[in-house]
Amino acid sequence: MRKLQEAAAKAELERKADEKRLVKMHDVIEDSEYTREDLDHLFGANVAYIVEGLTKIQGIFDMQTSMQSENFRKLLVSISDDVRVVLIKMADRLHNMRTIEGMSPVRRRAIARETLEIFAPLAERLGLYAMKLELENLGFRALYPQRYRVIEKAIKRARGHQKEFLGKISENISVALAKAGIEAEVDTREKHLYSIYKKMLRKRSALSEIVDVYGLRVVVASADECYRALGVVHGAYKPMPGRFKDYIAIPRVNGYQSLHTTLFGPNG
């Protein structure tokens with residue numbers, strides 16, 4: 001009899017969640033009459049604990065008004081004793097951004113701004129770099145659709161020309177590194193749209209002045225080999241004066257370490 005009652009209660013919970021459509025498992029305490037004790041009984045203490053943690057985080061979001069984004073991100077992490085709670089919140093936001101077209105324009109802009117100011121930097125702090133990039137591009141497109149389209153169109157137009165010689169440069173650098181006895185992975189990368197937009201704002205530059213939209217990444221095993229690889233790369237292609245940055249000697253706040261340089265390619 002008890003098992004039947006539990007099954008009926010579970011079915012009723014699922015039915016109500018389906019009726020609301022927006023209600024997901026992690027929204028149950030917040031958006032329904034079910035309590036932590038109900039979830040504990042139906043799904044176990046572990047699930048109930050995570051759902052309750054998400055409800056607490058949502059309470060902090062509802063209170064947030066003028067708090068600086070950096071302080072808010074720190075608070076968001078500090079109130080969670082279990083990183084799974086934050087990860088589920090991040091996954092929920094990514095899903096919201098992927099389906100944001102269904103929201104009203106006002107709500108869309110608010111969610112996009114919050115995503116760019118809080119969730120994308122938090123994803124980076126947690127090491128979720130692919131999620132960070134997607135959140136930034138989705139947020140940028142939702143908040144500034146016209147600017148997004150203009151940059152996207154310009155990048156697509158330039159992409160074919162750039163890729164013609166990026167592969168050749170990558171091959172030449174790989175050969176030069178091998179001759180120098182340096183084992184390395186060399187791949188090409190394209191700066192994502194929101195990163196380009198932020199750089200244009202920061203430097204007050206036109207898109208045509210952003211020289212590192214396309215680039216190559218050389219990954220080696222040690223800092224010593226990284227400096228040696230830089231010498232090999234500068235021997236293969238002439239470096240642009242004033243465009244070298246050493247993030248090994250002076251790492252970024254998040255621990256990122258690398259050497260950045262800008263080169264003149266085969267066509268100048």
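Glutamate 152 and lysine 156 form a salt bridge, with their closest N and O atoms 3.9 Å apart. A salt bridge here is a side-chain nitrogen of Lys or Arg within 4 Å of a carboxyl oxygen of Asp or Glu. The two residues sit four residues apart in helix H9, so about one helical turn separates them. An α-helix has 3.6 residues a turn, so residues three or four places apart point the same way. Glutamate 152 is partly exposed, at a relative accessible area of 26%. Buried means under 20% relative accessible area, exposed means over 50%, and partly exposed lies in between (1.4 Å probe, protein chains only).

This is a predicted model: local features need pLDDT of at least 70, side-chain atom pairs count only at pLDDT 80 or more, and totals for chains, interfaces and linings use all residues. Residues are numbered from 1 along each chain as its sequence is written, and side-chain values use heavy atoms, leaving out hydrogens and water.

**Salt bridges**

By the rule above, the count comes to six salt bridges. Two of them are set out here.

| Pair | N to O distance | Helices | Separation in sequence |
|---|---|---|---|
| Arginine 93 and glutamate 114 | 2.5 Å | H6 and H7 | 21 residues |
| Arginine 98 and glutamate 134 | 2.7 Å | H6 and H8 | 36 residues |

Both arginine 93 and glutamate 114 are buried. In the other pair, glutamate 134 counts as partly exposed at 29% relative accessibility, and arginine 98 counts as exposed at 52%.

A network of salt bridges links Lys132, Glu136 and Lys198. Glutamate 136 lies in helix H8. It counts as buried, at 4% relative accessibility. Leaving aside residues up to four places away in sequence, glutamate 136 touches Leu116, Ala120, His192, Tyr194 and Lys198. A contact means heavy atoms within 4.5 Å.

**Overall build**

The protein has eleven helices and four strands. These are DSSP runs numbered from the N terminus: helices are H or I with at least four residues, strands are E with at least two. Of its 268 residues, 36% count as buried. Among contacts with a separation of 6 or more, 61% come from residues 24 or more positions apart. The accessible surface comes to about 16,500 Å², and carbon and sulfur atoms account for 53% of it. Accessible areas come from the Shrake-Rupley method with a 1.4 Å probe; for residues, only the protein chains shown count as cover.

**Nonpolar cores**

The largest nonpolar core holds 33 residues, of which Met90, Met97, Leu135, Ile151, Ile155 and Ile196 touch the most other members. H6, H7 (105-125), H8 (129-143), H9 (145-179) and H10 (193-203) each supply at least two of its residues. H7 gives the largest share of this core, eight residues. A nonpolar core is a set of buried Ala, Val, Leu, Ile, Met, Phe, Trp, Tyr and Cys residues joined through side-chain atoms within 4.5 Å.

Isoleucine 151 touches Phe140, Leu193, Ile196, Tyr197 and Met200, not counting residues up to four places away in sequence. Apart from the largest core lies another, of 15 residues, including Phe165, Leu177, Cys226 and Leu230.

**Aromatic pairs**

The structure holds seven aromatic pairs. Rings of Phe, Tyr and Trp (its six-membered ring) pair if their centres lie within 6.5 Å; planes under 30 degrees apart count as stacked, over 60 as edge-to-face and the rest as tilted. Phenylalanine 140 and tyrosine 194 have ring centres 5.7 Å apart and planes at 55 degrees, so the pair is tilted. Phenylalanine 140 is in helix H8 and tyrosine 194 in helix H10, so the pair ties together parts 54 residues apart in sequence. Phenylalanine 140 is buried, at 0% relative accessible area. Tyrosine 194 also counts as buried, at 12%.

Tyrosine 144 and tyrosine 197 make another tilted pair, with ring centres 5.7 Å apart and planes at 45 degrees. Tyrosine 144 lies in the loop between H8 and H9, and tyrosine 197 in helix H10. Tyrosine 144 is partly exposed at 24%, whereas tyrosine 197 is buried at 8%. Ring pairs join Phe140, Tyr144, Tyr148, Tyr194 and Tyr197 into a cluster.

**Ends of H10 and H11 contacts**

Just after H10, arginine 204 takes a positive phi of about 50 degrees. Arginine 228 lies in helix H11 (residues 223-236). Its contacts, not counting residues up to four places away in sequence, are Ala180 and Ile182.
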